[in-house]
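Open the model in your viewer and keep the sequence panel visible. The stops below say what to select next and what is there.

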Amino acid sequence: MIKPLFYFVSLTSLFLILQTERVKAQDTKNFFSVTGGYSLPVGELATEKLNDPLAGLPGSGYFGQVSYDHRIARWFGIKLSGSYNQNTTNSGPIIDKANSYVEALGRTYAWDSNVSKWKLGAALIGPAIYLNFNRVQFEAHVQGGIVKATTPSVLLTGRRLNSDGQIMEGSSEIQVSLDRKIVNPIGFGAGASLRLPIAGALFFHVSGDVIGAKAEVKDLAIKAVGEGFDHSDRINESRFIGVVNLGAGLGIAF
């Protein structure tokens, strides 16, 4: 008799503790998190296109993000986030452009490239919704705000090749450069996260976000100078730039 009663009391106590923890988790109003992970470019700059030196420049990279959200109601709140991306730069499109310049000279060149990172920062705010499954929480959001994009600088140094494809000793160099530009368009963000409790107020989460903007690039110069050759192109275009960020991190609920 005593043993079944003990089991009943223990199970009842465990149930009440879990219910208390579940209610406590669902009633939490504030969430602060830090996230990092993998980044991929999207939009018109992500896919290389023939005769388009800007398309295909960004490559994969990494990002860091800090977020704070406040739950106004059980299923609704406001999310504020700041993120920073650094992506590799693919010099291939600029090399193609450089080769198109020297074709008129009837020469071929071997190119060494020196490139900076493609960078994208964003400060965004917007509504969020919450779905609770016991202590696990699903969060989704849509945001708007300011995006700061820094296009990479690219410097190509070309050395002339002979008919055998070997670098000609003593030949002068030709340089092709792409200027760096900073643009600050209005942008948007959308994404979701899954929050899993670890201990107390601490939680682990996985997330996915897309951040993008329509950016106008003005007076972006591509210059080619050397071996009696001096040429410059100016680019003035409006492009969609964006990234997809997939990551994980830690947070505190309070």
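**Overview**

The protein has 2 helices and 12 strands; helices (H or I, at least four residues) and strands (E, at least two) are DSSP runs, numbered from the N terminus. Residues are numbered from 1 along each chain as its sequence is written. This is a predicted model, in which local features need pLDDT of at least 70 and side-chain atom pairs count only at pLDDT 80 or more, while totals for chains, interfaces and linings use all residues; side-chain values use heavy atoms, with hydrogens and water left out.

Colour by secondary structure and follow the chain. From the N terminus, the order of elements is α-β-β-β-α-β-β-β-β-β-β-β-β-β.

Now show the surface. The protein exposes about 13,400 Å², and carbon and sulfur atoms supply 63% of that area. Accessible areas come from the Shrake-Rupley method with a 1.4 Å probe; for residues, only the protein chains shown count as cover. Of the 254 residues, 39% are buried. Buried means under 20% relative accessible area, exposed over 50%, and partly exposed in between (1.4 Å probe, protein chains only).

Among contacts (heavy atoms within 4.5 Å) with a separation of 6 or more, 74% are between residues 24 or more positions apart.

**Stop 1: helix H2**

Select residues 92-103, which form helix H2. Its 12 residues reach 16 Å from the first C-alpha to the last, close to the 16 Å expected at 1.5 Å a residue. The expected span is 1.5 Å times one less than the number of residues.

Which residues of H2 are buried? They are Pro93, Ile94, Ala98, Tyr101 and Val102. The cover over these residues includes strand S4 (109-115), S7, S8, S11 and S12.

**Stop 2: strand S8 and its partners**

Select residues 173-178, strand S8. Ile174, Val176 and Leu178 make up its covered face, and Glu173, Gln175 and Ser177 the uncovered one.

Add strand S7 (residues 154-160), which pairs with S8 in the antiparallel sense over 6 bridges. Two strands pair if DSSP finds at least two bridges between them. Within this pairing, Leu156 stands opposite Val176.

Then add strand S11 (residues 202-226), joined to S8 by 4 bridges and also antiparallel. Here Ser177 has Lys223 in S11 as its bridge partner.

**Stop 3: the cores**

Show side chains. A nonpolar core is a set of buried Ala, Val, Leu, Ile, Met, Phe, Trp, Tyr and Cys residues joined through side-chain atoms within 4.5 Å. The largest one has 19 residues, and those with the most contacts inside it are Ile94, Trp111, Leu156, Val176 and Leu178. At least two residues of this core come from each of H2, S4, S7, S8, S11 and S12. Apart from it lies another core of 12 residues, among them Leu124, Ile211, Ala213 and Ile241.

Click on Leu178. Leaving out residues up to four places away in sequence, Leu178 touches Leu57, Ile94, Pro152, Ser153, Val154, Leu220, Ala221 and Ile222.

**Stop 4: S5, S6, S10 and S11**

Select strand S5 (residues 118-133) and strand S6 (residues 136-150), which are antiparallel and share 13 bridges. Leu124 stands opposite Gly145 in S6. The hairpin of S5 and S6 has 2 residues between the strands, and Asn134 there takes a positive phi near 55°.

Next add strand S10 (residues 186-199), which pairs with S6 in the antiparallel sense over 10 bridges. Val142 faces Ala190 in S10, and His141 has Gly191 as its bridge partner in that strand.

Where does Gly191 lead on the S11 side? Gly191 stands opposite Asp209 in S11. S10 and S11 are antiparallel, with 12 bridges between them. In their hairpin, which has 2 residues between the strands, Gly200 takes a positive phi near 60°.

**Stop 5: Lys79 and Leu246**

Select Lys79, in strand S3 (residues 76-89). Why does Lys79 count as buried? Lys79 counts as buried because its relative accessibility is 4%. Beyond its neighbours within four places in sequence, Lys79 is in contact with residues including Asp69, Glu139, His141 and Arg195.

Finish at Leu246, in strand S12 (residues 229-253). Leu246 and Gly208 are 38 residues apart in sequence, and their C-alpha atoms are 4.6 Å apart in space. Not counting residues up to four places away in sequence, Leu246 touches Gly37, Tyr38, Phe63, Ser207 and Gly208.
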